[in-house]
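Hi,

Here is the structure I promised to pass on. Have a look at it first, then read my notes below.

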Amino acid sequence: MKVLIAEDEFISRTILEAILTKWGFEVVATNDGESALEAMKQPNAPQLALLDWMMPGMDGLAVCQELRTLKSRDTVYLILLTSKSERGDIVQGLEAGADDYIAKPYNNEELRARVHVGRRMITIQNELREWEKLQGVLEMAGAVCHELNQPLQSISGYSELLLLDMNEDDTKYQMLQKIKSQVDRVAQLTRKIMKITRYQSKPYAGESRIIDIEYSSQIKKENDYHG
Amino acid sequence: MAEKRILVVDDEIRIRDLFSEVFSRAGYMVKTAESAEEALEIMVKTPFMVFFLDLNLPGLNGVELCRRIRKGWPMSICFAVTGYASLFELSECRDAGFEDCFTKPATLADLLAAAEHAFTKIERWKKR
């Protein structure tokens, strides 16, 4: 998972970057609020960010506020790094849009635990999003199959009946057979769409995932969700 | 031998017409109904033993209709014909008492084989 760091102080930033890399994160390091905000606006931007509160120019608080005004983007989990620890400041940070905060100087175990909470929240949100997408796909599949299979039954059935009445040498027989075979092709398509009854994804390149069609179209077990 | 009678239940007239034509040609006596409620009314007057039921019916759905038919007339044989395979699980259809389940568009060969199989069974039961 990608994580963004916004920290103006070189040594703190370098240490943070090293620790997070060691924990398996792909780190995007920035040294001020403006470039942090810019990096978070990029396509495929990190969803997790560690923002130093005190930075020259745009501070961490302002970055939180800005990010929360952006619409139609992936869920972001924002952790403020603060040397302030007065209660009022924490409230101000959370109200500005931060999800959590870590008081400096922090201990590595606490940092790891809080970053993992963020990762967990993002994973849950992303899964929910994927589930919602699948529901849309299934509703569409249902509508398409229902609307298409009714007329397909008529066309295919009457073609079959007509073929029974005709002589195989008749050119019309051959034309009708072509119509019938094309109708059957469309029917095969609806069969394929109907086979997607559940969502199972598998890793693809990097951190992206694709639907595991093989698994998603297997016959459901008895204890599975009945839709 | 008594005539082989089939009741087709589907809310779409084109499907009812097609199935009537297909089964009539094969020598069966066919009656159609456009809803589960109409089918049950027919059953009270003249019981049928072999059924082809659409699952997505207005009002009472095909699965529920099958349950009621099987409860009232346990020897009956019902086949499901559905436009959307995932509407009901196959296990749910079997549990309701369906003999088999076909997805539209079903081939005439499959439908006729199902009907023939059903009447062969019924003949065998009568000889017991």
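What follows is a short tour of one helix and some aromatic rings.

This is a predicted model, where local features need pLDDT of at least 70, side-chain atom pairs count only at pLDDT 80 or more, and totals for chains, interfaces and linings use all residues. Residues are numbered from 1 along each chain as written, chains are lettered from A and ligands numbered from 1 in the order written, and side-chain values use heavy atoms, leaving out hydrogens and water.

Start with helix α1 of chain A, residues 10-22 (helices are DSSP runs of H or I, at least four residues; strands are runs of E, at least two; both are numbered from the N terminus). S12(A), R13(A), L16(A), I19(A) and L20(A) are buried there (under 20% relative accessible area; exposed is over 50%, partly exposed in between, with a 1.4 Å probe and protein chains only). Seen down the axis, these buried residues fall within an arc of 135°, so they line one face of the helix (the arc is taken from directions between the helix axis and the C-beta atoms). On the other side, F10(A), I11(A) and K22(A) are exposed.

Now chain B. F19(B) and F23(B) form an edge-to-face pair, 6.3 Å centre to centre with 75° between the planes (Phe, Tyr and Trp rings, Trp by its six-membered ring, pair if centres lie within 6.5 Å; planes under 30 degrees apart are stacked, over 60 edge-to-face, the rest tilted). Both residues are buried. F79(B) and F102(B) have ring centres 6.2 Å apart and planes at 40°, so that pair is tilted.

Enjoy!

Terms used. Expected span 1.5 Å × (residues − 1).
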